[in-house]
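Reader: I'm new to reading protein models, and I'd like to learn how the labels get attached. Could you take me through this one?

Author: Happily, here it is.

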Amino acid sequence: MQLMSGNEAIARGAWEAGATIGVAYPGTPSTETMESFATYEGVYAEWCTNEKVAVEVGVGASAAGARVLSTMKHVGVNVAADPLFTAAYTGVNGGFVILAADDPGMYSSQNEQDSHYYAMASHIPVLDPADAAEALAFTRSAYELSERFDVPFMIRSTVRVSHTKTPVEVGERIDYTPKEYEKDASKWVMMPAFAKPRRKVQLKRIQELQQWAEECPFNVVHMKGTQRGVICCGAVYQHVVEALPDASVFKLGLTWPLPKAALEKFSAAVEEVYVIEEGSEYLTVQVASLGIALNEFPCDLPRDGELSPGLIKRAFGIEVPAHIESPDDVPGRPPALCAGCPHRLVFKELSRIKAIVTGDIGCYTLGTLPPLSAMDTCLDMGASISMSHGFELALAGREHRPVVAVIGDSTFGHSGLSSLITTVYNHGAGTVCILDNRTTAMTGRQGNPFNGVTLQNRTSRELDLLGVIKALGVENVCQIDPHDAKAVREALRVATKDQSDELSVIVFKAPCVLLHRERKPYYFVNADCRSCGVCTTLGCPALSKDVESGLASIDPVMCIGCGQCAQYCSFSAIEQIPASSAKGGAR
Ligand SMILES: Cc1ncc(C[n+]2csc(CCOP(=O)(O)OP(=O)(O)O)c2C)c(N)n1
């Protein structure tokens, strides 16, 4: 017995099932799954540039006979949707399992999506584990099922299952012999002549899956009485059992397709039937569409965010003892760019020139928050460059503030590159800032094509970012040290001076502070401080000002000695402590 998170258990299940290939792009809450899979003996695992590429590599490896795991967060499924829908036509050779990790409550996402809809729309069966033990068992079985039904299987988890550790019974790795690849255009070449008959294969498969759903061992009924019956899945099951101990529960492990007859039987056995689900209406609508009459909740059940036992109790008008509710007066702790973050000064300067900043997704999205307040938009990965092109198109011929796109290195590789090609190809203008902090910081410092670090530390090559941009035909390209305030200011001034007819790209290159965790002697505020407050407009968590006097101060424990703030003090009031007097070496 071991304690594992859902993510670790999915990796283990794949390994036990004999999977040898892992392909992914990081994204919370899925990331640790591939990181964990990569540590097992006898597997090859890699980060791909994006989720679409990952699924395509996965389909290739499956066609060639290997068992494959691909993992992504819910919005990653949007990116992967193109190959996903057609992979549900081609089917598989070696079993193919795709993890879609949803984030109800948006702890680390730009939206709340329910991946069930993708499973339903693409006709890919989906399994919903409720804890780590099920995550392992479902994933392990999914490989056999994928081969039996000739279709990829989806494992859908939510943040609560992905990140919660629960006891798991681990097993041995099976001795899986990869299948032979056989050329078969009618299965693998999805052009109309072959896709049409393949669609019929898919429809027949759906019927077979529907029949199998009725006997699927992952759907479990716990009868407690005949009054109240609840249909649910995944982490919500745990909340339901805690909130409604007397309810009978139909716990769905297979959430597409649904077991119609079994659900009808359950509904007939109880007086009232409810579907309880998180941040979605997928299950409610699907169960209702089977002709099952659902009861209204006596009180409201939230349709957004994560559920909790307390919220479920409330929906049934059950009093919730105060001790199980989180107090409302817990102070908020908004995230901030780290002390010493190389992104900070770029935002400080963009904010100073009042640029229209089309942003992207990464640590640097925090440049939106006060006091930097520099970012105007954030939509999806890669959108910064395409949106700035849109701004430029719409603002052409009108007086306007400079338009600047800001994107990270990993996000540029993910999808920014194709956006930049569109802008160059169409003679777009504006300025693109690529914040190359040598890593994919936001999701835990994974490798990417521009730092050349691979998931299993295999030999790789670091793509030449400046070379790639120049090769696209952008002539106005430069590289700047983002810790140098004057250089950042000047580069932005030049780039945004006359944006009407030329596209410029600035690469701000300096490693993320969390990469090497190098601390230099800290800075402190001396007696020359005039309370002007400029240094605190940088939003460094190590810097604060006294509410009454307005005097600035630096927390020596948080300060890592980057010296960004000292460059903004006109009174030389920010000084670095001499290395000799810093306690404990550099401190
Ligand atoms: C389609 C999609 N896939 C994955 C993610 C998760 N994610 C958010 S930001 C990010 C990468 C950030 O790296 P980078 O652009 O280098 O910026 P940094 O965080 O290093 O500043 C990832 C993988 C996402 N939001 N959307």
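Author: Let's begin with the lining of the largest pocket, which by class has 17 nonpolar, 20 polar and four charged residues. Please keep in mind that this is a predicted model.

Reader: What makes this a pocket, and how much space lies in it?

Author: A pocket is an open set of points with protein on both sides within 12 Å along at least five of seven lines. The largest pocket holds about 850 Å³ of space. Its lining counts 41 residues, and the closest to the centre are Ser 108, Ile 361, Gly 362, Thr 365 and Met 442.

Reader: Which helices supply at least two residues of that lining?

Author: Helix 4 (74-90) and helix 16 (409-425) each do. Helix 16 gives the most, with five residues.

Reader: How do you know which domains the largest pocket lies between?

Author: Look at where its lining residues come from. Both domain 1 (2-176 + 186-215) and domain 3 (344-516) give residues to the lining, so the largest pocket lies between these two domains. The domain assignment also gives domain 2 (220-321) and domain 4 (523-581).

Reader: What about the second largest pocket, and which residues lie nearest its centre?

Author: Trp 47, Asn 448, Pro 449, Val 453 and Thr 454 lie nearest the centre, out of 26 lining residues. Strand 3 (44-47) and helix 16 are the elements that give two or more residues to this lining. Strand 3 has the largest share, four residues. The volume of the second largest pocket is about 360 Å³, and its lining has 11 nonpolar, 12 polar and three charged residues.

Reader: Why is the second largest pocket said to lie between domains?

Author: The reasoning runs through the lining once more. Domain 1 and domain 3 both give residues to it, so the second largest pocket lies between them.

Reader: How do you know that domain 1 and domain 3 are in contact, and how many residues does the contact take?

Author: Contact means heavy atoms within 4.5 Å. The C-alpha centres of domain 1 and domain 3 lie 32 Å apart, and the contact takes 19 residues from domain 1 and 17 residues from domain 3. The two domains bury about 1300 Å² between them, with 57% of it on carbon and sulfur atoms. On the domain 1 side, Tyr 25, Trp 47 and Gln 110 lose the most area to domain 3, together 37% of what that side buries. You have met Trp 47 already, as one of the residues nearest the centre of the second largest pocket.

Reader: How many salt bridges does the rule find across that interface?

Author: Zero across the interface of domain 1 and domain 3, although the count by this rule comes to 21 salt bridges.

Reader: Why is the pair of Glu 8 and Lys 165 called a salt bridge?

Author: The rule asks for a side-chain nitrogen of Lys or Arg within 4 Å of a carboxyl oxygen of Asp or Glu. In this pair the closest N and O atoms are 3.9 Å apart, so the pair meets the cut-off. Glu 8 sits in helix 1 (residues 6-16) and Lys 165 in strand 8 (residues 165-168), 157 residues apart, and the pair links distant parts of the chain.

Reader: What is omega for the cis peptide bond that joins Trp 256 and Pro 257?

Author: There, omega is about -5°. Pro 257 lies in the loop between strand 12 (254-256) and helix 11 (260-268). The peptide bond from Pro 370 to Pro 371 is cis too, with omega near 5°. Pro 371 lies in the loop between strand 14 (356-358) and helix 15 (383-395).

Reader: And what makes Ser 373 worth pointing out?

Author: Its phi is near 45°, a positive value in a residue other than glycine. Ser 373 also lies in the loop between strand 14 and helix 15.

Notes: Residues numbered from 1 in each chain as written. Predicted model: local features only at pLDDT ≥ 70, side-chain atom pairs only at ≥ 80, totals over all residues. Heavy atoms only, no water. 1 Å grid on protein atoms, 1.4 Å probe; cavity = no way out; pocket = protein on both sides within 12 Å on 5 of 7 lines; lining within 4 Å. Points joined across faces, edges and corners; volume = space filled by probe spheres on them. Nonpolar A, V, L, I, M, F, W, Y, C, P; charged D, E, K, R; others polar. Domains from an automatic or database assignment. Buried area = accessible area lost by both parts, 1.4 Å probe.
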